Amino acid sequence: MGKYQKRGKFAKSQRTPNTLKRVGIFLFILSWILYGIAFVVPFTPLSTNTKVIMASLFVVLGESAFWISCIIAGKEMMKRYRKHLNPVNWFKKSRDKNSQ
């Protein structure tokens, strides 16, 4: 019975890094969604005070979700996603394929 319990704990500890990476990626995507909502809020038919409060709230939530995702996911993962999100690199691969 003791061996079975040890294996269960070991398997659970192996899943933790993958779960943390998934949480980091989820928060990263959530930050983009929150920024998008903050951009749309001024075009809604709400009062000006409500628009200002909601837009500020979504920007702060988006920023905090981004930085928490950076802490959880790690420096290497953020560098990889930053490379993919840079508009300069978006068409670089298609140009390289066409020139060959």
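The dialogue below walks through a predicted model of one chain.

Colleague: Where do I start, and what is the fold made of, helices or strands?

Modeller: Start with the secondary structure. The chain has four helices and zero strands. Along the sequence the pattern reads α-α-α-α.

Colleague: Before I look closer, what does the pLDDT say about the chain?

Modeller: Where pLDDT is low, the predicted coordinates should not be read in detail. Here the chain averages 77, and 75% of the residues score at least 70.

Colleague: Which elements have the lowest and the highest mean pLDDT?

Modeller: Helix α4, residues 92–99, has the lowest mean, 58. Helix α2 has the highest, 90. We will spend our time on α2 and its contacts with α1.

Colleague: How do I judge the length of α2 against what is expected?

Modeller: Compare the span with the residue count. Helix α2 runs from residue 48 to 73 and has 26 residues. Its first and last C-alpha atoms are 37 Å apart, close to the 38 Å expected at 1.5 Å a residue.

Colleague: What follows α2?

Modeller: G74 does, and its phi is positive, near 100°.

Colleague: Now burial. How much of the chain is buried?

Modeller: Look at relative accessible area, where under 20% counts as buried. By that test, buried residues make up 17% of the 100 residues in the chain. The chain exposes about 8500 Å². Carbon and sulfur atoms supply 67% of that area.

Colleague: Which residues of α2 are buried?

Modeller: They are A55, F58, G62, A65, S69, C70 and A73. Keep G62, A65, S69 and A73 in mind, as these buried residues of α2 come back when we turn to α1.

Colleague: Then take α1. Is S31 buried or exposed?

Modeller: S31 sits in helix α1. Its relative accessible area is 0%, so S31 is buried.

Colleague: What is S31 in contact with?

Modeller: Set aside neighbours within four places in sequence. S31 is then in contact with G62, A65 and F66. Take the pair S31 and F66: they are 35 residues apart in sequence, yet 5.3 Å apart in space, C-alpha to C-alpha.

Colleague: And G24, buried or exposed?

Modeller: G24 also belongs to a helix, α1. G24 counts as buried because its relative accessible area is 0%. Not counting residues up to four places away, G24 touches S69, I72 and A73. From G24 to A73 is 49 residues in sequence but 4.8 Å in space, C-alpha to C-alpha.

Colleague: How do I put such pairs into a picture of the chain?

Modeller: Look at sequence separation across the contacts. Of those with a separation of 6 or more, 63% join residues 24 or more positions apart.

Colleague: What about the surface? Which residues make the nonpolar patch?

Modeller: Look for exposed nonpolar side chains that group together. Here L20, V23, I68, I71 and I72 make a patch of about 430 Å². Helices α1, residues 2–40, and α2 each give two or more residues to the patch. Helix α2 gives the most, with three.

Colleague: How exposed is I71?

Modeller: I71 lies in helix α2. Over 50% relative accessible area counts as exposed. I71 has 70%, so I71 passes as exposed.

Colleague: And V23, in the patch as well?

Modeller: V23 is in helix α1. At 36% relative accessible area, V23 is partly exposed. V23 and S69 are 46 residues apart in sequence and 7.5 Å apart in space, C-alpha to C-alpha.

Colleague: So I read α1 and α2 together.

Modeller: Yes. Residues of both helices make the nonpolar patch. On the buried side, S31 is in contact with G62 and A65, while G24 touches S69 and A73.

Notes. Residues are numbered from 1 along each chain as its sequence is written. This is a predicted model: local features need pLDDT of at least 70, side-chain atom pairs count only at pLDDT 80 or more; totals for chains, interfaces and linings use all residues. Side-chain values use heavy atoms; hydrogens and water are left out. Buried means under 20% relative accessible area, exposed over 50%, partly exposed in between (1.4 Å probe, protein chains only). Contact means heavy atoms within 4.5 Å. Accessible areas come from the Shrake-Rupley method with a 1.4 Å probe; for residues, only the protein chains shown count as cover. The expected span of a helix is 1.5 Å times one less than its number of residues. Patches are made of residues with over 30% relative accessible area and no salt bridge: like charges are joined within 9 Å, nonpolar side chains (Val, Leu, Ile, Met, Phe, Trp, Tyr) within 5 Å. A salt bridge is a side-chain nitrogen of Lys or Arg within 4 Å of a carboxyl oxygen of Asp or Glu. pLDDT is the predictor's confidence in each residue, from 0 to 100.
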